[in-house]
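Here is a short set of exercises to work through with the model open beside you. Try each task before reading its solution.

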Amino acid sequence: MSTSPAPPTAKPLPEGYALQIGIPPPDDYLHLRAGSGLTPKNAAQAAAVAAGSWYGCYATYTPHPSDDQPAPAPTIVGMGRIIGDGAWYFHIADMAVLTAHQRKGLGDAILKTLLAHIQAVAPEGLPLVNLLADPPGRRLYAQNGFVESAPDELGMQLPRTWVVQRGGGE
C-alpha cells in the first residue's frame, strides 16, 4: 500500500499577513499584476478571472494599528490561482506579490497552499501541475519541486501581437 506525501506546508507568515482563499476582486487583481511586474491586463479580462479559476488564494496585510488611529483595513498584497479541470490538469497562474511585500515568504505560502489543495481534492492518479516560470519566480518554483519540462515537452505560446479579429470581417 503506497501513501501520498504530506501536502507542502509553508513557514508561518510575518505579523500582519494572512492568507485568504479565493480570487482577489478585479481592481485588486489588476493592481497586483501591475505592481508585481506581470503583464498588465484590462478590466474585462480581470472581471472574467474568478469564473475561469478552479481555485485561488491571496495574501493580505494589515498594519499594526497605532494608539490614536482605528485599525486599518487589510490590503491585498499577493495572489496565485489555478486554472484546471479539477481532475488531472492544473495550471498555476498569476503568482504575484507586490514589490514592497516580497522576500517575506508570501509567494512560498501562496504556492504551497495551491499545491496542498490540489493534493487534497484531486482524484486519485497522477495530476499534471504546470506553470510558466518567468525569471524572478524560477527559484521559488524549483524550491517547491518544479523542474523544467524540456526537452521532453516545451511550452509554446502565440505571440502577444496575435489578435483575435471580431465581427465586421468578410
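A residue counts as buried under 20% relative accessible area, exposed over 50%, and partly exposed in between (1.4 Å probe, protein chains only). This is a predicted model, where local features need pLDDT of at least 70, side-chain atom pairs count only at pLDDT 80 or more, and totals for chains, interfaces and linings use all residues. Residues are numbered from 1 along each chain as its sequence is written, and side-chain values use heavy atoms, with hydrogens and water left out.

**Exercise 1. Work out whether Asp 94 is buried or exposed, and which residues join it in a network of salt bridges.**

Step 1: Asp 94 has a relative accessible area of 9%, so it is buried.

Step 2: Look for salt bridges, meaning a side-chain nitrogen of Lys or Arg within 4 Å of a carboxyl oxygen of Asp or Glu. The structure holds three of them. Arg 33 makes one with Asp 94, with the closest N and O atoms 2.4 Å apart. Arg 33 sits in helix α1 (residues 26-35) and Asp 94 in strand β4, so this pair ties together parts 61 residues apart in sequence. Helices (H or I, at least four residues) and strands (E, at least two) are DSSP runs, numbered from the N terminus.

Step 3: Now try Arg 81, which also forms a salt bridge with Asp 94, again with the closest N and O atoms 2.4 Å apart. Since Arg 81 is in strand β3 and Asp 94 in strand β4, the pair ties together parts 13 residues apart in sequence.

Step 4: Check the cover on the partners. Arg 81 comes in at 11% relative accessibility, so it counts as buried, and Arg 33 is buried too.

Step 5: Put it together: Arg 33, Arg 81 and Asp 94 are linked in a network of salt bridges.

**Exercise 2. Find the strands that pair with β3, and say how they run.**

Step 1: Strands pair if DSSP finds at least two bridges between them. Strand β2 (residues 55-61) and β3 pass that test with seven bridges, in the antiparallel sense. One pair to look up is Tyr 58, whose bridge partner in β3 is Met 79.

Step 2: Go on to strand β4 (residues 89-97), which runs antiparallel to β3 and is joined to it by six bridges. Here Gly 78 stands opposite Val 97 of β4.

Step 3: Follow the chain through the hairpin of β3 and β4. There are four residues between the strands, and Gly 86 takes a positive phi near 75°.

Step 4: Check the cover: β3 (residues 75-84) is mostly covered, with seven of its 10 residues buried.

**Exercise 3. Which residues outside its own sequence neighbourhood does Asn 144 contact?**

Step 1: Place Asn 144 in the segment after α4. Its relative accessible area is 15%, so it is buried.

Step 2: Skip the neighbours within four places in sequence. With contact meaning heavy atoms within 4.5 Å, Asn 144 touches Asp 108, Leu 111, Lys 112 and Leu 115.

Step 3: Look at two of those partners. Lys 112 and Asp 108 form a salt bridge of their own (2.8 Å, N to O). Both lie in helix α3 (residues 106-121), four residues apart, or about one turn of the helix. Both are buried as well.
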